[in-house]
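Dear colleague,

Please find below the structure that I am handing over to you. My account of what was found in it follows directly after.

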Amino acid sequence: MDLPPLLRRAVDDALNGTALSDLAATAAALSQRYRDEQHDTKSHAISDRDALAYLAVRLPGTYAAVRASFDAVAEVRSDFAPKTALDIGAGPGTALWAASECWPGLTDAVLVEASPVFRAYGERLAAGADLPRITWRVADAAVDAIDCGTRDLVTLAYALNELAPKVRHSVLRRLWDLTADTLVIVEPGTPAGWQRILAARTQLIEAGAHVIAPCPHAKACPLQPPDWCHFAQRVARSRVHRQTKRVDVPWEDEKFSYLAVSRKPALHAGARVIARPRKAGGHTTLKLCRPDGSASDQVVSRRDGALFKRARNADWGSLF
Ligand SMILES: C[S@@+](CC[C@H](N)C(=O)[O-])C[C@H]1O[C@@H](n2cnc3c(N)ncnc32)[C@H](O)[C@@H]1O
């Protein structure tokens, strides 16, 4: 997956004139913070350099993860055509770009972001783009009122981790109250990210939400640590991305966990592939999470005919 060309160009323009060698150390610290799962609740302290490093090395991956999560929603809810959106912890507006690619009928979005620096970059990236009407709010979602009324699509992408653990429950309750149809939460695909997703899943099911993706059921999650539910999206690395990260490989796999819940049930027409398919000559092994709440490997062999062909085409994250 690559960024939409307009977003790619806007990111490149924003980085133009910045010595990438200067950004490399900030980008490395950012990546390390992400790997170490450090909670960062000081969003207001984000510097210009932090934001530029984010654009260079994190935005492509978070865009790809959010877009893949939205695609999974669209697959199980073909009737869902959101017109209004609310994005919390919007950063430079990543989720809105992904949402408007997935659902071109979006007309109006409220983006809540604690950092004025991120907001400024978000506005700059969106200038001249064919995006829905955007209202930015520089606010702390943990304490400030979010008085935009209910929204068809509510998103919280890579931001639950940045909320202090003690406020997560109340923020999620408010976000669900603001959800007219569907709420999508995306987190880093780490064991800790999955635990946050699991806690949100339990809370939202108790609040009456229907789980629509990735789980094809609302029963207890069948996975047990050290296993965890996560997905991967391959992202093309731009030249700027490679130079800032000081790597040569032209792509990276963004690992993410996500949850989509809705006020309307989805038609769960299959099992979810929850690991990279293992393909051998005459058979393919798929690790599946099934509508009956179970999860295990299924070996599909050439003798299974059409099923084998479908298994060959299955990807990590797709429905089978
Ligand atoms: C890792 S970034 C994710 C940005 C964007 N959602 C994305 O996926 O690329 C997390 C964002 O959440 C914002 N944030 C963290 N805590 C917040 C809060 N309490 N209220 C509003 N924004 C917050 C940060 O400033 C930061 O921009």
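Helices and strands are here DSSP runs, numbered from the N terminus, with at least four residues for a helix (H or I) and at least two for a strand (E). In those terms, P226 belongs to the loop between β6 and β7. Please note that this is a predicted model.

The loop between β6 and β7 deserves a description of its own. P225 and P226 are joined by a cis peptide bond, with omega at about 10°. P214 is also placed in the loop between β6 (210-213) and β7 (231-236), and the peptide bond leading from A213 to P214 is cis, its omega near 0°.

A further backbone feature concerns Y158, which lies in the loop between β4 and α6. Its phi is positive, about 55°, although Y158 is not a glycine. Y158 counts as buried because its relative accessibility is 10%, under the 20% limit.

I turn next to the ligand. It is surrounded by 21 residues, and the closest are Y54, G89, T94, E113 and D140. By class, this shell consists of twelve nonpolar, six polar and three charged residues. Three side chains may be listed with their distances to the ligand:

- T94: a side-chain N or O atom is 2.7 Å from an oxygen atom of the ligand.
- E113: a side-chain N or O atom is 2.5 Å from an oxygen atom of the ligand.
- D140: a polar side-chain atom is 2.7 Å from a nitrogen atom of the ligand.

The ligand taken alone exposes 590 Å², of which the protein buries 94%.

As to packing, helix α6 spans residues 165-177, and its buried residues are V167, R168, V171, L172, L175 and W176. They pack against the strands β1 (84-88), β4 (151-157), β5 (179-188) and β8 (251-262), and against helix α7 (191-206). Residues three or four places apart in an α-helix point the same way, because such a helix has 3.6 residues a turn.

Within helix α7 one finds Q203. With a relative accessibility of 11%, Q203 counts as buried. Neighbours within four places in sequence left aside, Q203 is in contact with H169, L172 and R173; L172 is also among the buried residues of α6.

Strand β8 contains L259, which counts as buried at 1% relative accessibility. Not counting residues up to four places away in sequence, L259 touches L183, V184, I185, I197, A200, R201, L204, V211, A213 and P214. The last two of these, A213 and P214, are the residues joined by a cis peptide bond. L259 and Q195 are 64 residues apart in sequence, while their C-alpha atoms are 12 Å apart in space.

Finally, how many disulfides does a search of the whole structure find? The search finds zero. C221 is in no disulfide, and the nearest cysteine sulfur, that of C229, is 6.2 Å away. Seen from C229, the closest cysteine sulfur is that of C221, and the distance of 6.2 Å is too far for a bond, because a disulfide requires sulfur atoms within 2.5 Å. C221 counts as partly exposed at 23% relative accessibility, whereas C229 counts as buried at 13%.

Yours sincerely

Conventions:
Residues numbered from 1 in each chain as written. Predicted model: local features only at pLDDT ≥ 70, side-chain atom pairs only at ≥ 80, totals over all residues. Heavy atoms only, no water. Buried < 20%, exposed > 50% of the residue type's maximum accessible area, 1.4 Å probe, protein only. Contact = heavy atoms within 4.5 Å. Near = heavy atom within 4 Å. Polar contact = N/O pair within 3.5 Å; in protein donor to acceptor, adjacent residues only side chain to side chain. Areas by Shrake-Rupley, 256 points an atom, 1.4 Å probe, with all protein chains shown as cover. Nonpolar A, V, L, I, M, F, W, Y, C, P; charged D, E, K, R; others polar.
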